[in-house]
Amino acid sequence: MTIKQFGPTKLDAALIPVIARQWGTPIYLHDQEYIENSCEQLLNMPNAFGLHVRYAMKANSDRTVLRVVTGKGLDLDCSSLDEAARAHAAGIPFSRMMLTTQEVPGGDERAELEAMIKAGLKYNVCSMLQFNLIADFAKANRIDLSMRVHPGAAGGGESATRDTGSEYSCFGVHLNDVPKVKAMADEKGLRFTQVHVHIGSGGDPEKWRQNIDRELGFVKTYFPDATTVSFGGGLKVARMPGEKQADIASLGAYAKQRIEEFKAETGRELQMEIEPGTFVVANSGHIITRIIDKKLTNELNFLIVDGGMELLTRPLLYGSEHPVTIVRQDGTLLSSEYDQAPAQGLKSFGIVGRCCESGDSVRLDNDGNIVPVLIAEPEIGDYVVIGGTGAYSESMSPENYNSHRKPGAVMKTKSGELVQIRKKQVREQLTQNELDVTL
């Protein structure tokens, strides 16, 4: 085939063996220019009275990625105290972070949390207990709070495991409890100056619009001090050909219209906030793996590659699909699902990793069975490149399963330079926290 580049980053297939020779496989690859362009799209989203964009750090928490994202003007949404500490270690001030978590830590970590808040970290109350545990500290230090509200509305995610708005999800102060928490805050003289709702990841954009309407309704009813309204993240990304990506301009225009109508009704101007993660980094990333074996059963041809579910767990967790590209050892592009080329001469292969799990595959059906991928037949030593892996791959995969070591990562800079941003884990790190105990 004549195509030499593939995917949203226009990755040159000739770079694949170059990267593999220098740093080995498997390895994560990211693209700085794509990440920065995604940030610019979000920052240019239509808005009425100002827009604040946070990056959901859990999508990819590598320090170089964080520096690229914050360098473009995005702040951070952190899902744990350790995420906030990790971002701070990367040079990002706490004043650029919001903490949305399921716990209020005790002991030394409680003191650490209080120091972060005093340094400007925004605390997002996610339960009645969390409010009670933080209220006296907030009152003593005259700190305004944010509240994450559970709207009790399903359908915000692309699957049940990614839906954070339904009654089967536990995130946030349930709408039924909001009046109680608000009354307690009033008694203590505390203000909720921000309201936040996140209903899930990768769902129908229409649900995102419905969330705007719903959230503005209870902001009007319960939150007279709110100056910022966060509609969360979850903006759908098209990883596979045929998938439809969220229209950022259209969603922004709808939010702008509804916030302007809110102003007309109440006289209050609200700043809009969003917190995407996947949209920023998903399609910036690839995983480069090498074919280490080929097998044939009575039912299916298999390619075994040197990195699977321990690098990318989304197919097993969510049934998610990621595009596959086949590259020869000399850098020739054989086939690419991105471009659906070539259209003929393809062969069906189940692509699996090296973990001792039947679900260790790049593609699974709803029952967990391996789904074959149509590709040009490669040879042992050629490369399988898995796309759409910049988000929720290296940050959430079960590293060290089967004692496999976490691979390194490389960033392709805007100038085209390839820079290693994380080393491969060394074997000693697998056991460094284990103790020699005599029983």
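Here is a friendly chat, in questions and answers, about the predicted model shown above.

Me: How many helices and how many strands are in the chain?
Reply: Happy to start with the overview. The chain has 439 residues, and its C-alpha atoms fill a box of roughly 70 × 60 × 45 Å along the principal axes. Its secondary structure comes to 12 helices and 21 strands.

Me: Which radius of gyration does the chain have, and what would a compact globule have?
Reply: For 439 residues, a compact globule would have a radius of gyration near 22 Å. The value for this chain agrees with that, at 23 Å.

Me: What share of the residues is buried?
Reply: Let's begin at the surface: the chain exposes about 19,000 Å², and carbon and sulfur atoms supply 46% of that area. A residue counts as buried when its relative accessible area is under 20%. By that cut-off, the buried share of the 439 residues is 54%.

Me: Among contacts between residues at least 6 apart in sequence, what share joins residues at least 24 apart?
Reply: One example of a link between distant parts of the chain is the salt bridge from Asp-136 to Lys-188, whose partners are 52 residues apart. For the chain as a whole, with contacts counted between residues at least 6 apart, the share joining residues at least 24 apart is 71%.

Me: Which residues have the most contacts inside the largest nonpolar core?
Reply: In soluble globular proteins, nonpolar side chains tend to be buried together. Here the largest nonpolar core has 96 residues. Apart from that one lies another core of 16 residues, including Leu-11 and Tyr-383. Inside the largest core, the residues with the most contacts are Tyr-55 and Phe-223.

Me: Which residues does Phe-223 contact, leaving aside its neighbours within four places in sequence?
Reply: Phe-223 belongs to the largest nonpolar core. With neighbours within four places set aside, its contacts include an arginine, Arg-268. The rest of the list is Met-147, Val-149, Val-178, Phe-192, Val-195 and Phe-218.

Me: Is Asn-60 buried or exposed?
Reply: Asn-60 is found in the loop between strand E4 (51-56) and helix H3 (63-71). Not counting residues up to four places away in sequence, Asn-60 touches several others, among them His-30, Tyr-55, Val-281 and Glu-394. Its relative accessibility is 1%, so Asn-60 counts as buried.

Me: Which strand runs parallel to E20?
Reply: Strand E20 spans residues 409-412, and on one side of the question we have E21 (residues 418-422), which pairs with E20 in the antiparallel sense over four bridges. In that pairing, Ala-409 stands opposite Arg-422. Ala-409 also has Tyr-28 opposite it. The parallel partner, joined to E20 by four bridges, is E3 (residues 27-31).

Me: Which residue in the turn between E20 and E21 has a positive phi?
Reply: E20 and E21 form a hairpin, with five residues between them. The positive phi in the turn is about 95 degrees, and the residue is Gly-416.

Me: Which residues of E20 point the other way from Ala-409 and Met-411?
Reply: Ala-409 and Met-411 point one way from strand E20, and these residues are buried. The residues facing the other way are buried too, and one of them is a lysine. They are Val-410 and Lys-412.

Me: How many salt bridges does the count come to?
Reply: One of them joins Glu-114 and Arg-110 (2.7 Å, N to O); both lie in helix H5, four residues apart, about one turn of the helix. Asp-62, Glu-394 and Arg-422 are linked in a network of salt bridges. The full count is 24.

Me: Is Lys-182 buried or exposed?
Reply: Lys-182 meets Asp-186 in a salt bridge (2.7 Å, N to O), and both lie in helix H7, about one turn of the helix apart. Asp-186 is partly exposed, with a relative accessible area of 47%. Lys-182 has a relative accessible area of 10%, so this lysine is buried.

Me: In the salt bridge with Lys-188, how far apart are the closest N and O atoms?
Reply: The partner of Lys-188 is Asp-136, which is exposed at a relative accessible area of 51%. Lys-188 counts as partly exposed, at 29% relative accessibility. Their closest N and O atoms are apart by 2.9 Å.

Note on methods:
Residues are numbered from 1 along each chain as its sequence is written. This is a predicted model: local features need pLDDT of at least 70, side-chain atom pairs count only at pLDDT 80 or more; totals for chains, interfaces and linings use all residues. Side-chain values use heavy atoms; hydrogens and water are left out. A salt bridge is a side-chain nitrogen of Lys or Arg within 4 Å of a carboxyl oxygen of Asp or Glu. Helices (H or I, at least four residues) and strands (E, at least two) are DSSP runs, numbered from the N terminus. Buried means under 20% relative accessible area, exposed over 50%, partly exposed in between (1.4 Å probe, protein chains only). A nonpolar core is a set of buried Ala, Val, Leu, Ile, Met, Phe, Trp, Tyr and Cys residues joined through side-chain atoms within 4.5 Å. Contact means heavy atoms within 4.5 Å. The radius of gyration is taken over C-alpha atoms; the globule rule is 2.2 Å times the number of residues to the power 0.38. Accessible areas come from the Shrake-Rupley method with a 1.4 Å probe; for residues, only the protein chains shown count as cover. Two strands pair if DSSP finds at least two bridges between them.
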